[in-house]
Amino acid sequence: MSDIKPQADARPPHIIGLKKPLGVVGGMGSLATAKFLQALAQKSDADTDQNHVPFITLSLPNISDQSHAISIGSNAPLGQVLARAKWLENVGCGAIAIPCHTAHFWSSEIANALTIKFISIVEVTRDFIHQHNETDIDNLRTIVLGMKATIQHKLYGNSTAGWGGAVPNVDSLQQDAARVIDDVKSGNISRARFEMALLVARTRSLKPDAIILGCSELSLASRDIFKGSDVIDPVDILVDACISWFRET
């Protein structure tokens with residue numbers, strides 16, 4: 001169900017300029033969106049205000065619970081996400097990014113509904129892993145931490161394939177990850193960061209090839225302390241992909 005009414009003549013051409021801005025569908029959640037935008041500014045390698053990546057963010061958090069919708073077979077969030085993405089397209093954005101993993105359950109439908117580029121956090125992360133490991137993600141011993149729907153529907157591939165017959169039990173890790181996510185969503189960032197450090201240490205004890213932060217709230221809780229390690233932050237990778245898109249247009 002759409003809750004936004006895009007206007008065909010909504011584009012303000014005197015503001016947009018020659019290079020179209022990035023469109024960001026936010027609000028899933030709000031702090032995770034802010035983390036994405038902060039990283040976009042910090043990593044843009046701009047020496048003046050004018051050289052930063054322009055973006056328009058539509059952060060309307062009144063989107064149906066995505067994990068619950070997926071669990072009952074409902075596509076209610078899809079219409080709401082699409083309404084926001086199409087609004088951004090109509091006001092002149094040149095590409096769409098969504099710094100939320102669960103929304104990418106409908107990535108094909110989102111991409112097909114747009115006439116502009118959809119920069120998928122899942123696709124760019126899978127490409128990143130392939131480029132840096134010279135093998136497909138399904139051949140690695142990965143542990144994906146995130147929302148239940150992200151894990152169950154294997155948005156980041158078959159995370160058990162690379163383990164052979166010795167797949168570790170990660171149920172308790174996922175419970176801990178859910179608590180970190182809840183803490184971030186409720187604004188308890190200090191506790192979330194403390195618990196995140198413990199969670200990564202416990203996950204590393206299983207000796208995976210890669211730990212994928214499959215929820216944007218986990219990326220926020222990590223506070224960049226795991227960069228350059230076995231911890232893969234798809235939000236960070238999405239930021240790089242968005243910057244590359246803008247520089248290349």
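Start by selecting helix α8 and what lies around its buried residues: the cover includes α2, β5 (142-146), α7 (148-152), α9 and α10. Keep in mind throughout that the model is predicted.

**Helix α8 and what follows**

Select residues 171-185 to isolate α8. Which residues of α8 are buried? Show Leu173, Gln174, Asp176, Ala177, Val180, Ile181, Asp183 and Val184 as sticks. Then check the length of the helix: its 15 residues should span 21 Å at 1.5 Å a residue, and the end C-alpha atoms are 21 Å apart, so the two figures agree. Step just past α8 to Gly187, where phi is positive at about 90 degrees.

Next select Ile189, which belongs to helix α9 (residues 189-204). Setting aside neighbours within four places in sequence, Ile189 contacts Leu31, Asp183, Val184 and Leu220. Two of the residues buried in α8, Asp183 and Val184, are thus found again around Ile189. For a sense of scale, draw a distance from the C-alpha of Ile189 to that of Cys93: the two are 96 residues apart along the chain and separated by 32 Å.

**Helix α2**

Move to α2, residues 30-42. This helix has 13 residues, and from first C-alpha to last it reaches 18 Å, close to the 18 Å expected at 1.5 Å a residue. Colour its buried residues: Ala32, Thr33, Lys35, Phe36, Leu37, Ala39 and Leu40. They pack against β1, β2, β3, α10 (216-222) and α11, and the list of buried residues includes a lysine, Lys35.

Now go back to the loop between β1 and α2, where Gly29 lies. Select the peptide bond from Met28 to Gly29: this bond is cis, with omega near -10 degrees.

**The sheet**

Hide the helices and show the strands. In what order do the four strands of the open sheet run? The order is β2-β1-β3-β4, and the pairing is parallel. β2 (55-59) and β4 (117-119) stand at the edges with a single partner strand each, so one side of each has no neighbour in the sheet. On average, neighbouring strands are turned by 25 degrees against each other, direction ignored.

Zoom in on β1, residues 22-26. Five bridges join β1 to β2, and the two run parallel. For one bridge pair, select Gly23 together with its partner in β2, Ile56.

Bring back helix α11 (residues 234-248). This helix lies across β1, β3 (95-97) and β4, and runs at about 150 degrees to β4.

**The nonpolar cores**

In soluble globular proteins, nonpolar side chains tend to be buried together. Here the largest nonpolar core has 31 residues, and those touching the most other members are Leu22, Phe36, Ile119, Tyr156, Ile212, Leu238 and Cys242. At least two residues of this core come from each of β1, α2, β3, α6 (121-133), β6 (210-214) and α11. Which element gives the most to this core? Select α11, which supplies nine residues.

Centre the view on Ile119. Leaving out neighbours within four places in sequence, Ile119 contacts Leu22, Ala95, Ile96, Ala97, His104, Val124, Leu238, Ala241, Cys242 and Trp245. Apart from the largest core lies another of 22 residues, among them Leu78, Val91, Ile96 and Ile110.

From Ile119, step to Ala241 in helix α11. Is Ala241 buried or exposed? Its relative accessibility is 19%, and the cut-off for buried is under 20%, so Ala241 counts as buried. Beyond neighbours within four places in sequence, Ala241 contacts Ile119 and Val124. A C-alpha to C-alpha distance from Ala241 to Phe128 gives 9.9 Å, across 113 residues of sequence.

**Two lysines in loops**

Finish with two backbone details. Select Lys154, in the loop between α7 and α8. Its phi is near 50 degrees, a positive value in a residue other than glycine. Lys154 is partly exposed, with a relative accessible area of 43%.

Then select Lys207, in the loop between α9 and β6. Lys207 is not a glycine either, and has a positive phi of about 60 degrees. With 58% relative accessibility, Lys207 counts as exposed.

Methods. Residues numbered from 1 in each chain as written. Predicted model: local features only at pLDDT ≥ 70, side-chain atom pairs only at ≥ 80, totals over all residues. Heavy atoms only, no water. Pairing = 2+ DSSP bridges. Axes fitted to C-alpha atoms, helices over the stretch in contact; angles between N-to-C directions. Contact = heavy atoms within 4.5 Å. Expected span 1.5 Å × (residues − 1). Buried < 20%, exposed > 50% of the residue type's maximum accessible area, 1.4 Å probe, protein only. Core = buried A, V, L, I, M, F, W, Y, C linked by side-chain atoms within 4.5 Å.
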